[in-house]
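Visitor: I should like to learn how to read the packing of helices and strands in a model such as this one. Please begin with the helices.

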Amino acid sequence: MTSEGIGSAVVVPVGDRVDTDTLSAVADHIPTRPAAIVLDLTAVSFLDSAGLSLLVTEHNRCAEHGVPLRLVADTSVVNRPIELTGLDRLLDIHPTVESAVRAG
């Protein structure tokens with residue numbers, strides 16, 4: 001997985017599934033203290049309870065270090081499980097990478 005800097009944010013694209021391998025890039029960027037880490041979930045085709053748990057873990061890890069974690073999710077495959085579990089009240093979710101980078 002590769003990440004790219006957009007402005008002072010780091011964008012981490014996630015492929016087909018959310019798992020520990022794909023989210024390890026989030027932890028890699030925390031020490032650099034970017035303005036935000038944007039996790040782009042637009043290519044995710046499956047999100048289960050383990051993936052939701054990992055998103056919460058990374059959210060908490062980023063919060064401990066004062067680095068905002070913003071998610072980009074524009075499909076029901078990702079949004080529906082997040083909403084059904086009430087995590088939409090915890091996680092900072094945006095429809096596009098651009099809006100996530102601009103959020104402040």
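**Packing of helices, core and strands**

Guide: α1 and α2 pack at an angle of about 10°, their axes lying 10 Å apart. Because of that angle, α1 is roughly parallel to α2 (angles under 35 degrees count as roughly parallel). Axes are lines fitted to C-alpha atoms, for helices over the stretch in contact, with angles from 0 to 180 degrees between N-to-C directions. Helices (H or I, at least four residues) and strands (E, at least two) are DSSP runs, numbered from the N terminus. This is a predicted model, in which local features need pLDDT of at least 70 and side-chain atom pairs count only at pLDDT 80 or more, while totals for chains, interfaces and linings use all residues. Residues are numbered from 1 along each chain as its sequence is written, and side-chain values use heavy atoms, leaving out hydrogens and water.

Visitor: Which residues in α1 meet which in α2?

Guide: Contact means heavy atoms within 4.5 Å. From α1, Thr-20, Leu-23, Val-26 and Ala-27 meet Leu-54, Leu-55, Glu-58, Arg-61 and Cys-62 in α2. These residues divide into six nonpolar, one polar and two charged.

Visitor: How many residues has the largest nonpolar core?

Guide: A nonpolar core is a set of buried Ala, Val, Leu, Ile, Met, Phe, Trp, Tyr and Cys residues joined through side-chain atoms within 4.5 Å; buried means under 20% relative accessible area, exposed over 50%, and partly exposed in between (1.4 Å probe, protein chains only). The largest one here has 25 residues, and Val-18, Leu-23 and Leu-55 are among those with the most contacts inside it. Its largest share, four residues, comes from α2. Leaving aside neighbours within four places in sequence, Val-18 is in contact with residues including Leu-23, Phe-46 and Leu-55.

Visitor: In which sense do β2 and β3 pair?

Guide: Two strands pair if DSSP finds at least two bridges between them. β2 and β3 do so in the parallel sense, over five bridges. The bridge partner of Ala-9 in β3 is Ala-36, and Val-12 stands opposite Leu-39.

Visitor: Which residues of β3 point one way, and which the other?

Guide: In a regular strand the side chains alternate between the two faces of the sheet. Here Ala-36, Val-38 and Asp-40 point one way from β3, Ile-37 and Leu-39 the other, and all are buried. With five of its five residues buried, β3 is therefore largely enclosed by the rest of the structure. β2 is also largely enclosed, because four of its five residues are buried.

Conventions
Angles under 35 degrees count as roughly parallel, over 145 as roughly antiparallel, 65 to 115 as roughly perpendicular and the rest as oblique. Ala, Val, Leu, Ile, Met, Phe, Trp, Tyr, Cys and Pro count as nonpolar, Asp, Glu, Lys and Arg as charged, and the others, Gly among them, as polar.
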